[in-house]
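Let's learn to read a sheet and a single residue together. Have a look at the model first.

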Amino acid sequence: MKLITSISIRISVLTTIVLSIWAVAFYFAIMEEVNDETDDALEDYAESIIIRSLVGEEVPTSSLGTNNQYFHHEVSAEYAATHPHVRYEDRNVFIKEKHEYEPARVLTYIYTDDHDRFYELEVSTPTIEKHDLREAIVHWLLILFASLLLGLILLSIFSVQRTMRPLHKLLQWIARFRIGGDNPPLDNPTRITEFRTLNNSVEESFLRGSHQFEHQKRFLGHAAHELQTPIAVCINRLEMLMEEVVADSAPEADNTNNMLREELSRQLQTLQHMSRLNSTLLTMSRIENGQYLNAEEVDLAPILQSLTEDIGMVFASRNITVSTQLDGHFAPRINRQLATMLVTNLIKNAFVHNNDGGTISITLADNLLRIANSGQAEPIEASLVFLPFVHDPQKGTSTGLGLAMAQSICQHNHFELSYHFENGMHIFEVKPDTE
């Protein structure tokens, strides 16, 4: 939900509550004022009639020929004792002159004369129709509510958009920021203190992270480059030493020479693994630095066909069945060497993490490459699958750098590399990035 939508909903709810409370209070205030004014008039009217009655003037027993009416009669002491002597009420009163009932405010007095006789005086005057008043209040309240709500929403949208303009500009800068890329400085002047503090904090944090990334990337590249020579020298020396041991072998020293050859072979394999690892790290550093140029549209179908034919015997050594379906067309714009690395690493991952007698399915559809392989019966944690050297304690294996390199290639060439587990198969898909 956007900020302006949230603000509009909150304003609508609060406005509805406030206006509802105000409408109820307004209605009762109006009725209180109307009743107060009417009661004052009724009191004056009743007082004049009571005075005439007490001084002995004739008091008529019906209305005065107007809408104002009174009824005056003697009551018993028992009646007077069981009824309030002053009471106000709203009720419908029959108007003889109009031959109809109308809402009226009625005041009833019970009083005594000098001879301790009790009289009841009832005076009434027509008043407003409260039902009509409620309808009028509701009608105009709805108009007032709609006008206020619309005005408040428009005002809040205008105010929030202008106030939050520095925040929107900051968010746009963050969205365009690329770690290790050529990022422009944040140009977001504002008079709001909180936004200035936020601008400075975010810019410093992002630039610091970008500088640290650059330092680490350069260090990785330099370290991998510097390690190449000593590793190569060690490999050459071990190979020469093994050749000398083989050439110098005497019958009486066969056991010792065999043990020495085996140890040298193990050391040589370790150094060769270090050399491959170092070469991979150097390649990843070059990818991160954008050193693979000359991008072109590379059709992946011939690359896949060639790779599956070349390593068919390797798959056969573990009885792994490979099925290919290369009907689609997927020719991304990428450096050809990187395209080969991407496909090779994904197929190698499907082979290394497969079971003996397992299956590998390679599918090339329009703008989609899918490589699925059997393996462990449970899915891999999606958040960890593309991280380098993630160790599996149950199987004693590591993901190595193959998938990390594939992910790096995809990220720097605007592809999306995803993983999911379906029907016992580990599936990796490469497709153009839609964002």
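What follows is a short chat about strands, helices and one serine.

A: This is a predicted model, where local features need pLDDT of at least 70, side-chain atom pairs count only at pLDDT 80 or more, and totals for chains, interfaces and linings use all residues. Residues are numbered from 1 along each chain as its sequence is written, and side-chain values use heavy atoms, with hydrogens and water left out.

Q: How are the strands of the open sheet ordered?

A: Strands of a sheet pair through backbone hydrogen bonds, either parallel or antiparallel. Here five strands run in the order β6-β8-β9-β13-β12, with mixed pairing. (Strands are DSSP runs of E, at least two residues, and helices are runs of H or I, at least four, numbered from the N terminus; two strands pair if DSSP finds at least two bridges between them.)

Q: Why is one side of β6 and of β12 left without a neighbour in the sheet?

A: β6 (321-325) and β12 (415-422) stand at the edges, each with a single partner strand, so one side of each stays free of a sheet neighbour. β12 pairs with β13 (residues 425-432) in the antiparallel sense, over eight bridges. Within that, F421 has H426 as its bridge partner in β13.

Q: Is S374 buried or exposed?

A: Buried means under 20% relative accessible area, exposed over 50%, and partly exposed in between (1.4 Å probe, protein chains only). S374 has 12% relative accessibility, so S374 counts as buried.

Q: Where is S374 found?

A: Look in the loop between β9 (368-373) and β10 (391-392).
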